[in-house]
Protein chains: 2
Amino acid sequence: MLSEFELIARYFSRPPAPDSRTALGVGDDCALMTPAPGMQLAISSDMLVCGRHFLPDADPFTLGHKCLAVNLSDLAAMGAQPIAFTLALALPEARADWLEPFSRGMLALADAHGCELIGGDTTKGPLTISITIFGEVPPQQALRRDAARAGDDLWVSGTLGDARLALAAYRQECSLNAEELALAAPRMHAPTPRVALGLALRGIAHAAIDISDGLAGDLGHLLQRSHVGATLDVDALPAGAALQQRDLHLRRRFTLSGGDDYELCFSAPVRQRDAVYKAAQAAGTAVTRVGSIDAAPGLRLLDASGEALQETPDSFDHFRS
Amino acid sequence: MLSEFELIARYFSRPPAPDSRTALGVGDDCALMTPAPGMQLAISSDMLVCGRHFLPDADPFTLGHKCLAVNLSDLAAMGAQPIAFTLALALPEARADWLEPFSRGMLALADAHGCELIGGDTTKGPLTISITIFGEVPPQQALRRDAARAGDDLWVSGTLGDARLALAAYRQECSLNAEELALAAPRMHAPTPRVALGLALRGIAHAAIDISDGLAGDLGHLLQRSHVGATLDVDALPAGAALQQRDLHLRRRFTLSGGDDYELCFSAPVRQRDAVYKAAQAAGTAVTRVGSIDAAPGLRLLDASGEALQETPDSFDHFRS
């Protein structure tokens, strides 16, 4: 059995990167970080609980990736450049065959984004992973939720719904063949945070949010904070590769309300359409125009023929479901 | 039953302070904070798990205080000025009669230190409280663990062991009368982070650590990081008001190895003795000189007559006990 200090030393301590902002990392009362002069610090926390956000037998490498990915996604939605994170970890027991792949999955994604693990905490307890992440953004350039304006185009990145489709298969709500599952499962287990797109949209997009609880619910938060409404072309929503092959009802339901997509939903002025496409190309991420921001509050859903849909999207709420 | 968003709005969202560093707080993908120019950011994370760090029936007001206090204590041990924190909270259920006093206890201590709640996460799960705290310290003035030098005096703040004595009473390892319990219990449930002392020791002390797992163990980390040893006058250790009345053996054991004290242990050059006493007076916190830093590694324990003690202090390790 590893001690707390051996565990940290073995799996979570590494020499600082040559271009590190960190004057002092893991192993003191605090980490010390020197923010770049003139930049704002973007800070986000996400907590993942075993049995709620992932299953007890979740592959630890993929889980390590996912825990950091959902935090990176929050920075992406702010247009912030990742710089560092802290990890607080409650574990039932300190098992090397879990910790080794978990830390490897997490640190591989961290390295890919130049995001340094600078501190944290480990304790015995029900498996819980709590990350706080730090990024930098120039003042006035953050993609805030409250910055959408009437007349803006509404966009989403990548595709929606495949993570929810994979979950449906695990819950035996529907069945997927091997090929469909191979397409859908990675979207649930190993989401891709749209960091490059968030950075490329600085100065172009007005408002952004990442889609973690389902597009309709998350877009609702953006609309509420911006004191606006929106009209959404539901059949224009880009369904995931597996979901595309399902019937219209399921496509609508999972693109609108499926959770765990970690795509960006953002608004941008109509005159920036070309700039949005160029930013997306530079970031290597597809984007789709899916509606527009209205002055009137509320979310209006239209089908492909422009008719109003009667379905009400239900957002995923952690204390209601 | 409250929703996640109602819960955050009701208990954890407040208007920003007039002198806030926070451009954007609770309610977006990230909080935005503008660090003071030229300052280093000190960052620490602590996670408290129900059944491990506190009992399920712990008073929520006091628990809210304690969770933030242990994080403030890490800033104190760095000589950092608290500025903000994030809170990630897993709850079995969102009960107002628990959340209301919990948030009140936490935010009262936050206000006392000008430390703003800027974001976080809430989810359903086994009761777990994960805080990441931010403070500021001028470059080169942080009280790092690796800065102790041979010849330094060794100091502790306040008194030691009463938190452990209260725990012993709860565990029925010993019995305390009502008066003793009234002295000891607050040290366990509502520790006082020595923030003012940490700030006052900037430029005076060399190294510092906060005593959370017991003096001997925490001092051991400081010695190891500084590549030095120490000689400790065990009978000079300031026992808590309740522990003072117990026998010598228990006094030694709980002052040396009792956890949850949240006092500071620090080293300072001999020529700074007067400055240390003045800093302590300015901070309103007693300090006691309890030994010295040696070039030779290891921790040597002496009794009141200067004889070597044979007892080996055992530190509290979360994965071993």
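Start with strand 4 of chain B and strand 6 (residues 128-137) of chain B: they run antiparallel, and nine bridges join them. Keep in mind as you look around that this is a predicted model. To see one of those pairings up close, find B:Leu89, whose bridge partner in strand 6 of chain B is B:Ile129.

Strand 4 of chain B also pairs with strand 5 (residues 116-124) of chain B, this time running parallel, through eight bridges. Here you can pick out B:Phe85, which stands opposite B:Leu117 in strand 5 of chain B. So how many of the eleven residues of strand 4 (residues 81-91) of chain B are buried? Ten of them are, so the strand is largely enclosed by the rest of the structure. While you're looking at strands, here's a handy rule: in a regular strand, side chains alternate between the two faces of the sheet.

Now hop over to chain A and look for two aspartates. The UniProt annotation "binding site", from an unreviewed entry, covers A:Asp46 and A:Asp74. These two span 29 residues in sequence, yet their C-alpha atoms are no more than 9.1 Å apart, so they gather at one spot.

Take A:Asp46 to begin with. You'll find A:Asp46 in strand 3 (residues 40-49) of chain A. Is A:Asp46 buried or exposed? Its relative accessibility is 17%, and because anything under 20% counts as buried, A:Asp46 falls in the buried group. Leaving out residues up to four places away in sequence, A:Asp46 touches A:Val70, A:Asn71, A:Asp74, A:Ile129, A:Ser130 and A:Ile131, plus B:Asp121 from chain B. Notice that the other annotated residue, A:Asp74, is in that list.

A:Asp74 itself lies in helix 2 (residues 60-76) of chain A. With a relative accessible area of 8%, A:Asp74 is buried too. Which residues does A:Asp74 touch, not counting those up to four places away in sequence? In chain A they are A:Ser44, A:Asp46 and A:Asp210, and in chain B they are B:Asp29 and B:Cys30.

Stay on helix 2 of chain A for a moment, since A:Ser73 is found there as well. A:Ser73 has a relative accessible area of 0%, so it is buried. With residues up to four places away in sequence set aside, the contacts of A:Ser73 are A:Pro193, A:Asp210, A:Tyr262 and A:Leu264. You've met A:Asp210 before: A:Asp74 touches it, and so does A:Ser73.

Next, a pair of helices. In chain A, helix 4 (residues 162-170) packs against helix 5 (residues 178-189) at an angle of about 105 degrees, with the axes 7 Å apart. That angle makes helix 4 of chain A roughly perpendicular to helix 5 of chain A. On the helix 4 side of chain A, the meeting residues are A:Asp162, A:Ala163, A:Ala166, A:Leu167, A:Ala169 and A:Tyr170. From helix 5 of chain A come A:Leu181, A:Leu183, A:Ala184, A:Ala185, A:Arg187, A:Met188 and A:His189. Sort the residues of this contact between helix 4 and helix 5 of chain A by class and you get ten nonpolar, one polar and two charged.

Finally, try the helices of chain B. Helix 4 (residues 162-170) of chain B and helix 5 (residues 178-189) of chain B cross at roughly 105 degrees, and their axes come within 7 Å. Helix 4 and helix 5 of chain B are therefore roughly perpendicular to each other. Among the residues making this contact are B:Leu167 and B:Tyr170 of helix 4 of chain B, and B:Leu181 and B:Met188 of helix 5 of chain B.

Notes
Residues are numbered from 1 along each chain as its sequence is written. Chains are lettered from A and ligands numbered from 1 in the order in which they are written. This is a predicted model: local features need pLDDT of at least 70, side-chain atom pairs count only at pLDDT 80 or more; totals for chains, interfaces and linings use all residues. Side-chain values use heavy atoms; hydrogens and water are left out. Axes are lines fitted to C-alpha atoms, for helices over the stretch in contact, and angles run from 0 to 180 degrees between N-to-C directions. Helices (H or I, at least four residues) and strands (E, at least two) are DSSP runs, numbered from the N terminus. Angles under 35 degrees count as roughly parallel, over 145 as roughly antiparallel, 65 to 115 as roughly perpendicular and the rest as oblique. Contact means heavy atoms within 4.5 Å. Ala, Val, Leu, Ile, Met, Phe, Trp, Tyr, Cys and Pro count as nonpolar, Asp, Glu, Lys and Arg as charged, and the others, Gly among them, as polar. UniProt positions are given in the numbering used here, feature names are shortened, and annotations may be inferred rather than shown by experiment. Buried means under 20% relative accessible area, exposed over 50%, partly exposed in between (1.4 Å probe, protein chains only). Two strands pair if DSSP finds at least two bridges between them.
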